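Have the model open in your viewer, with side chains available for display. The stops below go through charged pairs, then rings, and each one says what to select.

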Amino acid sequence: MRNLTLRQLRSVQAISRHGTIAAAARQLGLTAPAVTLQVKQMEDDVGLALFDRTSEGMRLTVAGTAILAAANAIETTLRGLSEEIDSIKGVRSGTINLGVVSTAKYFAPRLIAAFRDAYPEIEMKLKVGNRHDIIADLKDYKLDIALMGRPPTEFPVASTFFGDHPLVIIAEPDHPLVRERDIRRERLLCERIIIREQGSGTRAALEGFFAGDLERLAACSVEMGSNETIKQAVMAGLGIAFISAHTIAFEVEMGRIAVLDVAEMPIRRKWYAVCRQERIAAPAERAFKAFLVERGAKHLPLLDKLYPAEAALAR
């Protein structure tokens, strides 16, 4: 394994990305026979096939997947080294591949803009996705940092807390529950509850809240796959919903959505900046995480009130 070269590892990355040796060769600026030779040399050194040759293209074997993970880790470390050298030279530049779960898209652009004001030479590449996709990209080294509410447990990560994350129940402003106070969870189960898809952090928090009544929750709930769809459904009177308070600031301000006064709510979670534990963070990444710790909470959306005005006056 000590005889592996960067060129060989990059051949594996390119074939995995494009599916064929010809396409990989074009990306690498090599001939197809040269790429084939690189792969054969690796397979001879490893003693295992790295790809299955199928009618649909080249597919990684288990050994190939392990080699690809190592190649991605090495590329990430080399990029970090390059930025570290630039930092030593006094250059405050670099690139951060940032992933955010869909709920965080409501404040991520604001965070990025504030960070760019302080570090104008650092480029930020943003990807928004559901929790499953963001975790997969973080695991595959496609992301440097991910912003999410619940760090993954499938692989070792380092998590940096940077702000509170309140979760609330919402309804249309004319809903009968809007004027009630200290609404019990049993009362909520009499309504149609619109919830996020399985695997989302918001869904997990709601199921924790109704831990003793999951069957009743399943019976009265309707699943929708995005915060925007859920908000539109609530405004149309299709039910109440459990959602991040950071996603509804505009609608509450405009009087299109009301936050219900539910006992034991809001549920408070936390926002984290997550990266792979074994990665050596580049200077740009360290600067971004320091910015999040010092100033990140200031750029999270705020609601003037988390409860209806009528309820607040009646307290």
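Select Arg216 first: its relative accessible area is 40%, so Arg216 is partly exposed (buried means under 20% relative accessible area, exposed over 50%, and partly exposed in between, with a 1.4 Å probe and protein chains only). Add Asp213, which is also partly exposed, at 21% relative accessibility. Arg216 and Asp213 form a salt bridge, and their closest N and O atoms are 4.0 Å apart. The term stands for a side-chain nitrogen of Lys or Arg within 4 Å of a carboxyl oxygen of Asp or Glu.

This is a predicted model, in which local features need pLDDT of at least 70 and side-chain atom pairs count only at pLDDT 80 or more, while totals for chains, interfaces and linings use all residues. Residues are numbered from 1 along each chain as its sequence is written, and side-chain values use heavy atoms, with hydrogens and water left out.

Next, show Arg79, Asp144, Arg279 and Glu285 together; salt bridges with shared partners join these residues into one network. Within this group, zoom in on Asp144 and Arg279, whose side chains meet in a salt bridge at 3.3 Å, N to O. Which parts of the chain does this pair tie together? Asp144 lies in the loop between helix H6 (131-139) and strand S5 (145-148), and Arg279 in the loop between strand S11 (267-276) and H12, so the pair ties together parts that are 135 residues apart in sequence. Helices (H or I, at least four residues) and strands (E, at least two) are DSSP runs, numbered from the N terminus. Asp144 is buried, with a relative accessible area of 1%, and Arg279 is buried as well, at 11%.

Move to Arg187 and Glu191, another salt bridge, with the closest N and O atoms 2.9 Å apart. Is each partner buried or partly exposed? Arg187 counts as partly exposed at 29% relative accessibility, whereas Glu191 counts as buried at 18%. In total, the structure holds 17 salt bridges.

Now turn to the rings. Rings of Phe, Tyr and Trp (its six-membered ring) pair if their centres lie within 6.5 Å; planes under 30 degrees apart count as stacked, over 60 as edge-to-face and the rest as tilted. The count by this rule is eight aromatic pairs. Select Phe107 and Phe162: the ring centres are 6.5 Å apart and the planes stand at 65 degrees, so this pair is edge-to-face. The two residues are 55 apart along the chain, with Phe107 in the loop between strand S3 (94-101) and helix H5 (108-118) and Phe162 in strand S6 (residues 157-171). Phe107 is buried at 0% relative accessible area, and Phe162 is buried at 3%.

Then select Phe288 and Phe291, with ring centres 6.4 Å apart and planes at 20 degrees, so the pair is stacked. Both lie in helix H12 (residues 283-295), three residues apart, about one turn of the helix. Phe288 is buried, with a relative accessible area of 0%; Phe291 counts as buried at 3%. Add Phe115 and Tyr119 to see one aromatic cluster, formed by these residues with Phe288 and Phe291.

Finish with charges over rings (NZ of Lys or CZ of Arg within 6 Å of the ring centre and within 35 degrees of the ring normal). Select Arg185 and Phe209: Arg185 lies over the face of the Phe209 ring, 4.0 Å from its centre. At Phe161, Lys270 lies over the ring face, at 5.2 Å from the ring centre.
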